[in-house]
Every structure is written in structure tokens, then in C-alpha cells.
Amino acid sequence: MHLGIYVHIPFCVRKCAYCDFSSYAGRMADMPRYVEALCSEIRSRALETGKKSVDTVFFGGGTPSLLTPELLEKIVNTLKSCYELTPDCEFTMESNPGTLTEPLAQAMVRCGVNRLSMGMQCAQSHLLKRLNRIHTMEDVRTAVQIARNAGVAQLNLDLMLGLPGQTEADMHETLREALALSPDHISCYALIVEEGTPLCRDIEAGRLSLPGDDADRAMYEICRQTLREHGYRQYEISNFAREGSRCRHNVNCWQYQPYLGFGCAAHSFYEGIRRANPASLDDYLAGAAPQLEVISRDDAMFEFVMLGLRLTEGIEESAFLRRFGVPLWQKYGKQLEKALQDGRLQREDGRMYLSEHGMDVMNSVLVELL
Ligand code: SF4
């Protein structure tokens with residue numbers, strides 16, 4: 001059994017135009033108080049769970065690279081005193097270009113961070129500006145150099161596709177620039193326009209327009225093909241890695257393994273219970289209680305399949321049987337028959353997985369499953 005830990009750092013220099021995550025600009029003064037609350041949550045949760053062995057840690061946000069070395073060390077020391085981090089623990093920290101400093105990168109390595117995930121998004125200054133990102137491509141290069149000089153072992157770059165005004169030529173250039181930095185892992189996320197964000201308002205008012213479904217699909221194909229040609233294997237809808245560099249933390253989540261989440265807006269999935277911490281920073285600081293949801297056996301079976309199908313290797317049928325005591329095909333055979341016949345779904349060597357086309361239309365398979 002694996003156990004992961006997620007730590008949410010909800011502070012940002014400024015808010016990106018598309019962002020509806022729990023992240024706050026202009027609240028840096030609250031960071032020490034937040035870290036106090038976070039450490040106290042970690043300590044009190046450990047009294048309930050016991051000192052469990054943990055094999056992945058992920059600091060996300062927000063912008064974790066806004067932590068000072070002292071605050072980072074304080075959180076990590078608390079984690080290590082409450083949980084047993086395995087010797088080969090994968091320890092990822094998200095960072096935004098323009099915020100990573102040498103002292104922080106050195107503190108990260110001292111703390112055991114061995115994977116940096118950097119929000120590059122794209123290579124074009126005009127597109128970055130449109131997204132209200134704080135960085136340029138030059139900042140990405142500088143931040144990667146800082147991380148490498150400090151000795152961070154693995155690098156992921158997050159890229160975005162389907163941005164207003166983004167062209168196929170931009171996508172090619174972004175991939176070229178990303179590959180020039182020789183990352184171990186690349187994530188390519190399609191832009192999601194969230195209600196209430198400045199980007200959504202600009203699109204609704206006709207000030208900006210999206211490239212459209214066909215252009216999005218073409219950009220996704222460019223990512224798939226270019227990354228394949230450069231030795232990155234697609235292992236999930238949006239994720240590509242060199243051999244041995246898959247993100248274990250996320251793979252464990254997709255394989256329905258438990259995780260504990262700390263900080264505002266963090267979720268946990270542990271012993272069949274989903275726990276959602278208050279999404280607002282102020283509520284979290286005020287000590288508001290988390291919301292708990294007991295996951296029914298039926299929901300757990302559906303979630304197991306839904307998450308597992310995101311992986312290109314799909315679901316190991318014996319893992320479903322071990323977990324739920326019923327064969328996967330007995331539970332869902334009727335619903336999945338059509339997808340299997342029309343080639344969206346494949347079944348081979350005790351695994352069930354989506355074909356390339358099936359990945360593009362994953363929602364249709366999930367609807368049939370429901
Ligand atoms: S850096 Fe990330 S979390 Fe912060 S505002 Fe931008 S998208 Fe949101």
C-alpha cells in the first residue's frame with residue numbers, strides 16, 4: 001500500500017487570468033501564520049493516522065516557491081517528525097519561474113526535494129502576458145538553471161494548450177524551447193475556462209477568443225507526436241515522461257491509492273473517507289472544520305475505473321478483483337461492451353485501457369459506465 005502527502009501553499013505573486021484555484025495574491029504577510037496552522041494540522045492528523053510510511057510528497061499551490069527557506073524547513077521537519085518518509089520518497093515541489101531563488105533551491109535539496117515541477121505554460125511573451133503570468137521564457141531558463149545548480153534531480157515542465165491566440169506554430173516553438181531544457185517529464189494541459197475568471201469575462205465580452213476544438217486537437221496531437229519523437233512516453237492523458245520519470249505521486253492517485261492533504265483546499269482520501277479542507281484561506285486560518293464524505297462501495301468501484309482509465313496502461317483487472325472482491329467485467333461488462341466493440345476500449349493481458357481515440361473521447365466511455 002502506498003501513501004502520499006499533498007501540502008497546499010495558497011500564495012501567489014498575482015492572480016493569473018484563468019486561475020480559480022485556491023490561491024491568493026497580496027497575502028504574503030499571512031504566510032508565517034499559515035505555516036503555523038499547517039504544521040499544527042499535520043501534527044494533529046498524525047495523532048489519528050499514526051506515524052505512517054509515506055512514499056510520495058507533493059507541495060502544490062499556489063506558488064510553493066514563495067516559501068522562505070525557514071518556512072519550508074519548518075513544514076518539512078514537521079512532516080518528518082510525524083510521518084516516516086521512505087528513503088526513495090519522491091518529493092515534488094511546484095514552482096513558478098520568477099520566484100525560485102538560490103537559497104530556496106538549496107533549502108529544497110537539504111529538505112529532500114528531488115523533483116521540481118515548473119509552470120512554464122508557453123514560450124511566447126505575448127501569450128504569457130495575456131494570461132497575466134508574471135514570467136517570461138528567460139525566467140524559465142534561469143529558474144531551471146538555479147534548480148540544477150542546487151542539485152534538484154528531476155524536472156517537470158507544465159505546458160498549456162488551447163490558449164486564446166495560440167497557434168500551431170506557437171505550440172511547436174513552446175515544445176522546442178521546453179525540450180531544449182531537457183526535462184524528465186512534461187505535462188500538457190488543455191486550458192479550462194472557469195466561470196468568474198477574468199479570462200472567462202474577456203471571452204464572453206468578445207475581447208478574446210479561443211482557438212476552437214479542431215485547433216485544440218491539432219495542438220494536442222503536436223504535443224503527442226513531438227514528445228514521442230523525443231523519447232517521452234505518454235502515460236496519462238496529459239502527462240509524458242522519460243523512462244523511469246513518471247510522477248509517482250499522481251500515478252498513485254490515479255491507481256486509487258490513499259493520500260493525506262494538508263492546508264487550505266487540500267483533499268485527503270484515506271480509509272474510504274474523502275476529506276475536504278476549507279477552500280478559503282481565512283476559513284482555514286480560523287480553524288473551520290473539514291467536510292467528510294464516506295465513499296460507498298459502488299462509488300469507489302466507479303472512481304477506481306474512472307481514474308485508472310486516465311492511465312495509458314489502464315486498469316489491472318486483478319487489482320479490481322483484489323480490492324472489491326468482484327471481477328471488473330462482471331461489474332461493468334454490459335456497460336463497457338459497446339466501447340470495446342467500437343475500439344475505444346481495449347482488453348489485453350489482464351488489463352483494460354483506452355485506445356488513443358478512446359482517450360480523446362474518454363467522457364463518452366464514462367457516461368456509458370454510469
Ligand atoms: S501561479 Fe498558479 S495558482 Fe497562482 S494564480 Fe497563477 S495559475 Fe493560479
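This report describes the domains, cores, ligand shell, strand pairings and selected loop residues of a predicted model.

## Domains and their contact

The chain divides into two parts: domain 1 covers 4–254 and domain 2 covers 297–370. Their C-alpha centres are 29 Å apart. Contact between them involves 5 residues of domain 1 and 6 residues of domain 2. On the domain 1 side, strand S9 (residues 233–236) supplies the largest share, 3 residues. By class, that side of domain 1 has 3 nonpolar, 1 polar and 1 charged residues.

The loop that leads into S9 from helix H8 (213–229) holds Gly231. Gly231 counts as exposed, because it has 11 C-beta neighbours inside 10 Å and the limit for an exposed residue is 12 or fewer. Gly231 and Arg242 are 11 residues apart along the chain, and their C-alpha atoms are separated by 6.2 Å.

## Nonpolar cores

The largest nonpolar core contains 75 residues. Ile5, Leu72, Met108, Ala147 and Leu159 have the most contacts inside this core. Helix H2 (residues 69–82) gives the most to the core, with 6 residues. Apart from neighbours within four places in sequence, Met108 is in contact with Leu72, Met93, Val113, Ala150 and Val152.

There is also a second, separate core of 12 residues. Val305, Leu309, Leu336 and Met352 are included in this second core.

## Ligand shell

The ligand is surrounded by Cys12, Lys15, Cys16, Cys19, Phe21, Ser23, Gly61, Gly62, Thr63 and Asn96. By class, this shell has 4 nonpolar, 5 polar and 1 charged residues.

Two of the shell residues, Gly61 and Gly62, are joined by a cis peptide bond, with omega near 20 degrees. Gly62 is located in the loop between strand S4 (53–61) and H2.

## The three-stranded sheet

An open sheet of 3 strands follows the order S15-S17-S16, and its pairing is antiparallel. Strand S15 (315–316) and strand S16 (345–348) are at the edges with a single partner strand each, so one side of each has no neighbour in the sheet. Strands of a sheet pair through backbone hydrogen bonds, either parallel or antiparallel.

S16 and strand S17 (residues 351–354) run antiparallel and are joined by 4 bridges. Within this pairing, Glu348 has Arg351 in S17 as its bridge partner. Asp349 is in the loop between S16 and S17. The phi of Asp349 is near 50 degrees, a positive value in a residue other than glycine. Asp349 is exposed, because 6 other C-beta atoms lie within 10 Å and exposure requires 12 or fewer.

## The S12–S13 hairpin and the loop before it

Strand S12 (residues 267–270) and strand S13 (residues 273–276) run antiparallel and are joined by 4 bridges. Ser268 has Arg275 in S13 as its bridge partner. The two strands, S12 and S13, form a hairpin with 2 residues between them. In the turn, Glu271 has a positive phi of about 50 degrees.

Ala265 lies in the loop between strand S11 (259–262) and S12. Ala265 is not a glycine, yet its phi is positive, at about 70 degrees. Ala265 is buried, because 21 other C-beta atoms lie within 10 Å and the threshold for burial is 20 or more.

## Gln166, a buried loop residue

Gln166 is placed in the loop between strand S7 (154–161) and helix H6 (168–180). Its count of 22 other C-beta atoms within 10 Å makes Gln166 buried. Leaving aside neighbours within four places in sequence, Gln166 is in contact with Cys122, Leu127, Leu161, Met171 and Pro211.

Gln166 and Leu307 are 141 residues apart in sequence. From C-alpha to C-alpha, Gln166 and Leu307 are 30 Å apart in space.

Key:
Residues are numbered from 1 along each chain as its sequence is written. This is a predicted model: local features need pLDDT of at least 70, side-chain atom pairs count only at pLDDT 80 or more; totals for chains, interfaces and linings use all residues. Two strands pair if DSSP finds at least two bridges between them. A residue is near a molecule or strand if its C-beta atom, placed from the backbone, lies within 6 Å of it. Ala, Val, Leu, Ile, Met, Phe, Trp, Tyr, Cys and Pro count as nonpolar, Asp, Glu, Lys and Arg as charged, and the others, Gly among them, as polar. Domain bounds come from an automatic or database domain assignment. Two residues are in contact if their C-beta atoms, placed from the backbone, lie within 7 Å. A nonpolar core is a set of buried Ala, Val, Leu, Ile, Met, Phe, Trp, Tyr and Cys residues joined through C-beta atoms within 7 Å.
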